[in-house]
Amino acid sequence: MGFSLKGVGLTHANGFRALRDVDLRVACGERVALVGASGAGKTTLLRVLAAALRPDTGRLSLLGTDPWDASPATLRRLRARIGLVHQAPPIPPRQRVVTAVLAGRLGQWPLWKSLASLLYPLDPEGARHQLARLDLGERLYERCDRLSGGQLQRVALARVLYQQPDLFLADEPVSAMDPALSELTVALLNEEASRRGVTLVASLHAVDLALRHFPRVIGVKEGQVLFDLPAGQVREAQLRELYAAEGSVPMAGLAVLPDAGQPAAAAPPPLRCA
Amino acid sequence: MRAGISPAGVFGLVLLAAAAAGSFAFLEMPLGALFTGSAAREAVAFVGRFIPPETDPAFLAKVGWAALETLAISLLSTLLAVLGGVTLALPAAGRQGPLARQAARFVLNLLRSVPELVWATLMVLAAGLGPFAGTLALALHTTGVLGRLFAEALENTPRAPAQAVTGLGAGPLAAFLYAVLPLVAPQWLAYALYRWEMNIRMAAILGFVGAGGLGALLYYSLSLFHEAEASTVILAMLAMAIAVDGASAWLRQRMAG
Amino acid sequence: MSAVPRDPAALPRLGWTLAALVLLWPLLRLADFEPVRLLDEGNLRAMGHFIRGFLPMETSHDFMALLGKAMVETLAMATAGIALSLLLAVPLGLAMTRGLSVSRIGPGRRAWIGTLVRALVRALLAVLRGVPELVWALLFVRVFGLGASAGVLALGITYGGMLGKVYGEILESTDGRTARGLLEAGSGRVAALFYGLLPHAGGELVSYTVYRWECAVRASVVMGFVGAGGLGQLMDQSMKMLNGGEAASILLTFLLLVLAADGLSEFLRRRLA
């Protein structure tokens, strides 16, 4: 079981209806891209999947658990298994990169370990390993306010990579990166998800990135699922309808496809989302 | 071009003048007598008794000891107030529901509204004469002040980082330390240092009511009409205040980097 | 992969922590920090007896009349003190303002006189406000005897120093171009002040003065502890006699007065903003 939504609707406190009657089933180990104009409800959907927002209507099951029907302890354990990369990295500017990354395991660590690590980082090795995958290994002990927007976004990503969640969510994780880096990073996400056998859902602004890297693409418009297709079956007319409000379909432009773009064709790993 | 004073301003000035005149009349202050020749002569003679300051080594040692005591009172009370202030600021910023918020605000207002010296008279009763009473008194009042300032800083802090960390399954304490404290710490620290500057001045006079430090020495000296000694103590107070201002400015600059 | 570098902040952190701990011990000794003393039997009995005396609060007619008079006296002391401090602060604050300096615009031959005067004024203000108002009050009580006069003078001097400094700073940070233009056109300092600086800085100046008045009310409340009249004097007497009922009434009056001054000051400042 990856996750499933049935008739999920959500109205924000300001009265904006962000989601209406969303039905969605994603199996364990699937990799899904969310596309759609800004304001379509992608962020809200991802935050519902992260058990950070409670829907007003409908039924929700994440990794086999209904988060809003569970005890607080169960909810915390569930959240520790879900990782969300936020679009604007919510990291305190004065925090050091190592601390920001190690925070990924706060849900799994006992309290004493969280507190001790704040004074003396307990797993710099692990943090550096994830940062190095994103080409940031050298910035381990720097303060986050010394980084550029794109670098900060990669720190936020390293945090969730370090968390090793069973449900990997990413909200426009490459919006502050240049096309070549975006390509590499999206490929890395896919590689990580297939290697560990976990479910990946990422919203992307650039449609071509989504089509190139994800087997399944979901178009979201005005809080509803407009289409839900294998990447090869998405037609241009559907994309034009999806972005009717914006006038054109956003593209990253084809960067040189890196070798790492294709997941390693090893034996399929055991699925981790049951 | 608009002139400096509007009609409302004129009205305000008249009101102020009336209030001031009324106050002087109520207090029956012989303002005129202050500016007569004999008053001036008396004042000059009085000031003259303070010069030169006492420099007897034994007395200087006493002043030095009292100055250290004053420094200890100001530092410890500020430290305690930071702890108390943080404890009360969290509920006062509405993080534990509206009921806790009202209760915490009430306590903070109560602590803040009672002046340090009044707390000191009460603490002298509760803890006996001496610097401990002064430390408690300053800590209580400063907790009220800092708690309110800390709560305001908390309320103006973005919530996204803390929400992100609770979204990872972290508990409230871990979320606070990882995602709230780094955001508010610089401002909290600046407030604490600023209160330390105030507290060194207050710690110097708490001795008037028996709560230790330089104030006790000044009070005795003046009671015994040893003006030269009093003048040494006052100079020590000035020096302490200036030194703490400098230390506080230096720390603030270091922390801002 | 090379080994992970050691946390460069670890050693300094350890050093600072140790230094703080080493410093804390003498501080605790110096301040006689013994929380156990709060539980000392004698202290507990004294405090318990005193607090039990809080109820019923003293409300006899005579005492209320005394309390009312002390309250008015406290307010009058604060107001008179601020009025007196203005006599000091306005001229000294203006003297400190470089924006009103005539010698600075021309090829002033005697510009150094202005600089010297400003430095002297700055030092004088620092001394005035560097000595706490309660110390001034204690001194003035020796000269003028017990009573509110000493309190008013003490407030006037300390707050004169504070207001003078802040007035100078506000006027300095105000956009000085209008005033400079006026001075260059040959107008006098007073005209430059009223037409050049006050329209920009007036609100802030008044707002700060109102805030200081609020502080003065708080300060007047305790002036009585050194014999300078007002509510503090009543409090001092009640505390010395360990009369809980009277102390409770006075404390409540304190609170109301401070909260009222708080509220009035905030109202006035919001109107000005």
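Domain bounds, as used here, come from an automatic or database domain assignment. With that in mind, let's walk through this predicted model, beginning with chain C. The assignment splits chain C into domain 1, covering 10-51, and domain 2, covering 58-272. Taken over C-alpha atoms, the centres of these two domains of chain C are separated by 36 Å.

Chain C also meets chain B, and each of the two chains brings 46 residues to the contact. On the chain C side, the elements that give two or more residues are helices H1 (10-30), H2 (41-52), H3 (61-96), H5 (133-144), H6 (148-173), H8 (189-223), H9 (231-240) and H10 (244-272). Which of them gives the most to this side? That is H8(C), with eight residues. As for the chemistry of the chain C side, 35 of its residues are nonpolar, five are polar and six are charged.

Now turn to chain A, where you can pick out a sheet. In general, the strands of a sheet pair through backbone hydrogen bonds, in either a parallel or an antiparallel way. In chain A, three strands line up in the order S2-S1-S4 to form an open sheet with antiparallel pairing. Strand S2 (17-26) and strand S4 (57-62) of chain A are at the edges with a single partner strand each, so one side of each has no neighbour in the sheet. From one strand to the next, the twist averages 20°.

For a closer look, follow strand S1 (residues 3-11) of chain A, which pairs with S2(A) over six bridges in the antiparallel sense. Here you will find A:Leu5 opposite A:Leu24 in S2(A).

Definitions and conventions
Residues are numbered from 1 along each chain as its sequence is written. Chains are lettered from A and ligands numbered from 1 in the order in which they are written. This is a predicted model: local features need pLDDT of at least 70, side-chain atom pairs count only at pLDDT 80 or more; totals for chains, interfaces and linings use all residues. Two residues are in contact if their C-beta atoms, placed from the backbone, lie within 7 Å. Helices (H or I, at least four residues) and strands (E, at least two) are DSSP runs, numbered from the N terminus. Ala, Val, Leu, Ile, Met, Phe, Trp, Tyr, Cys and Pro count as nonpolar, Asp, Glu, Lys and Arg as charged, and the others, Gly among them, as polar. Two strands pair if DSSP finds at least two bridges between them. Axes are lines fitted to C-alpha atoms, for helices over the stretch in contact, and angles run from 0 to 180 degrees between N-to-C directions.
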